[in-house]
Every structure is written in structure tokens, then in C-alpha cells.
Amino acid sequence: MDTFTCGQCGRQFENKNLLKQFRVVKLGKDFCSSGCEKAYERDHAKETKNSSSDRFPTGANASGPKRSSSDSFSSGANAHPIYQKSDSEIQADLEEKRMDHEQELLEEKLAHDREMAEQQQKHELKLENIRSVSDAVERIINLDFGGEKPSPEIISKQVEFCFTIASSHISETFDVGGMKNLFNKAVYAEEKEKLNQSEKVVNAAIKKAELGVNKLRLCEPIEKALNFYNIYKDQLNDVKVKQIERKWDHKVLEAKPAAWVMLLCCMMVPFQLYVIYKLIELYILLPKKRKAEIAIIK
């Protein structure tokens with residue numbers, strides 16, 4: 001007869017009287033139910049814990065025959081000796097860490113020196129630009145157009161000199177557009193300073209050339225001086241127009257947001273008014289003001 005005995009409660013069962021799914025086989029024993037199985041596991045765990053505490057007593061029960069060091073590190077398959085580094089290996093590790101730290105400090109120093117050198121170079125370039133602008137303005141101011149005895153030839157040379165300086169500075173371009181005035185203020189401030197310095201030279205050259213052109217009407221011979229006057233008057237107006245166009249072109253660049261900002265604002269209803277205002281400003285208001293300023297000259 002196929003029978004089995006429960007390892008916990010001790011009852012005996014026949015397979016024909018107990019369904020197979022109620023029989024649990026675990027730890028080499030048979031159990032009639034999962035409840036008996038869990039109860040056996042709890043009792044077995046308690047017995048294991050008590051046996052381990054007897055083998056390794058603590059406190060007052062710890063006094064007993066001590067094992068010698070030779071027993072603790074006995075040879076055999078279960079022996080696991082603890083590896084300790086030698087003094088030379090420890091010194092090598094410390095030396096490696098010290099060298100890594102010194103390398104980090106050296107890299108930080110080099111980066112700092114590089115940054116300071118770049119700042120010094122920018123400062124020197126800024127001073128050089130200011131000095132060159134001051135020299136150019138001073139040369140323009142010192143033009144006397146012949147002094148007390150002006151002649152059309154002397155005045156024409158000095159007026160052409162003013163036109164040359166003004167045209168060369170007007171042809172320069174400066175990176176003041178996009179979103180630099182919001183996200184990269186240092187670059188924007190640097191470019192804006194260069195633009196302002198260039199405007200000083202252009203303004204000084206135009207004013208001096210205008211003075212020389214008007215002085216041509218008082219020179220002798222009158223006929224030759226008037227011919228120079230008619231030629232340089234048109235050139236002076238052209239230079240003034242180019243200066244105004246450059247000024248307003250840079251204003252448009254400063255006022256023009258990046259394309260992704262405009263697109264982002266178009267996707268949000270409250271900011272669509274900003275896009276509309278910017279479009280009106282860029283394509284209607286600013287060009288209208290530029291035309292009005294140019295019309296005064298013409």
C-alpha cells in the first residue's frame with residue numbers, strides 16, 4: 001500500500017485518500033499540508049540557531065578552551081589566509097596617489113594660466129584698438145586744410161583722406177546679432193565696444209570732410225574749387241548714407257531674436273503678440289526710421 005507519514009504532525013495517509021496536490025515533499029520529508037511544512041521549517045530554524053549558539057558561545061559562556069593560531073590557519077582545502085600588502089607596495093600606492101594629485105594640480109594651474117593669458121590678450125587688444133582709434137581721430141582733427149592759405153589741391157587730398165578712413169571703418173562688420181545680448185553678454189559687450197570705437201572714427205572723419213568740402217567754396221581759383229566741391233559733396237552724402245545704413249543694420253541685428261525663439265513663441269498663445277511686435281519692428285518701424293534719416297541728407 002502506498003502510504004506516507006507527515007514529518008510534522010506524524011499522521012499517516014494513503015495516496016488514495018489524499019489528493020496528490022496536498023502532499024508536499026521537502027527537505028527529504030513528506031508533509032500533509034503547507035501549514036505542516038511551514039511549522040516544520042520554523043522548528044528546524046530554531047534548532048539550527050540553538051546549535052550554532054552552542055558552538056560559538058558569547059559573553060560569560062565564551063570562556064572555554066581557546067584554539068591556537070596554528071589551528072586557525074591549518075592547512076587544507078578550507079584554509080583562507082588573509083593577504084596583507086607589504087610596506088613597499090603601500091609606499092608604491094601612496095606614491096602613485098601623490099603623483100596623480102600633483103598631475104591634477106598641474107592641469108588646474110595650466111588651465112588657470114591659459115585663462116589669464118587669454119584675458120590679458122583680450123585686454124591688450126582692447127587697449128590697442130582704443131589707441132588706434134585715438135590716433136586716427138587725432139590725425140583727423142589735426143588736418144588744417146592748408147591753414148590760412150588753403151588751396152583746392154591741399155583740401156582735396158585731406159578730404160579724400162577722411163573719406164578713405166570713414167569708408168574703411170564703415171566696411172567693418174561686428175557680431176552683435178542673434179541672442180548674444182542674452183546668452184553671451186561678454187561677446188556682445190566686446191563687439192558693441194568695437195562698434196562704438198569705429199563710430200567715433202567715422203563721425204570724426206565725416207565732420208572733418210564736411211568742413212573741408214564747405215571750405216572749397218572759399219578757395220581760389222573759384223572755378224576749380226567749385227568743381228572739387230560738387231564732386232566731394234556727392235561723395236560726402238554717399239558716406240553719410242552708408243554710415244546710417246550700417247547703424248540701422250546693426251540695430252536690426254540687435255533687435256532680431258533667434259529663429260528658434262520666434263518659433264517657440266509662435267507655439268504659445270500669450271507670446272504670439274511678442275512675435276507680431278518683433279515682425280512689425282524689424283520690417284516696418286526700423287526701415288521707416290532709416291529711410292527718414294537718409295531722406296534728411298538727400
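In which helix of the protein chain is confidence lowest, and in which is it highest? The model is predicted, and its mean pLDDT is 78. Confidence is lowest in helix H2, residues 69–72, where the mean is 46. It is highest in H4, at 91. Across the protein chain, 79% of residues reach a pLDDT of 70 or more. Residues 59–79 stay under 50. For this stretch the model has two contacts beyond four places in sequence. Where pLDDT is low, predicted coordinates should not be read in detail.

The protein chain holds nine helices and four strands. Along the sequence the order is β-β-β-β-α-α-α-α-α-α-α-α-α. Of the 298 residues, 26% count as buried. The exposed surface of the protein chain is about 21800 Å². Carbon and sulfur atoms supply 56% of that area. Among contacts with a separation of 6 or more, 61% join residues 24 or more positions apart.

The largest nonpolar core comprises 28 residues. Ile140, Val159, Phe163, Val201 and Tyr232 touch the most other members. Four helices each give two or more residues to this core: H3 (87–141), H4 (152–170), H6 (185–215) and H7 (222–255). Another core, of seven residues, lies apart from it. Its members include Trp248, Ala255, Leu286 and Ile294. In soluble globular proteins, nonpolar side chains tend to be buried together.

Valine 159 illustrates the packing in the largest core. Neighbours within four places in sequence are left aside here. Valine 159 is then in contact with Phe145, Ala209, Gly212, Val213 and Tyr232. Of these partners, Tyr232 is also among the residues that touch the most other core members.

A further site centres on a lysine. Lysine 278 is found in helix H9, residues 272–297. Is this side chain's residue buried or exposed? Lysine 278 counts as buried, because its relative accessibility is 11% and the cut-off for burial is under 20%. Its side chain reaches the backbone oxygen of alanine 255 at 3.1 Å. Beyond four places in sequence, lysine 278 is in contact with Ala255, Pro257 and Met262. Ala255 thus appears in two settings: it belongs to the seven-residue core, and its backbone oxygen is reached by the lysine 278 side chain.

Technical notes. Residues numbered from 1 in each chain as written. Predicted model: local features only at pLDDT ≥ 70, side-chain atom pairs only at ≥ 80, totals over all residues. Heavy atoms only, no water. Core = buried A, V, L, I, M, F, W, Y, C linked by side-chain atoms within 4.5 Å. Buried < 20%, exposed > 50% of the residue type's maximum accessible area, 1.4 Å probe, protein only. Contact = heavy atoms within 4.5 Å. Polar contact = N/O pair within 3.5 Å; in protein donor to acceptor, adjacent residues only side chain to side chain. pLDDT = per-residue confidence, 0-100. Areas by Shrake-Rupley, 256 points an atom, 1.4 Å probe, with all protein chains shown as cover.
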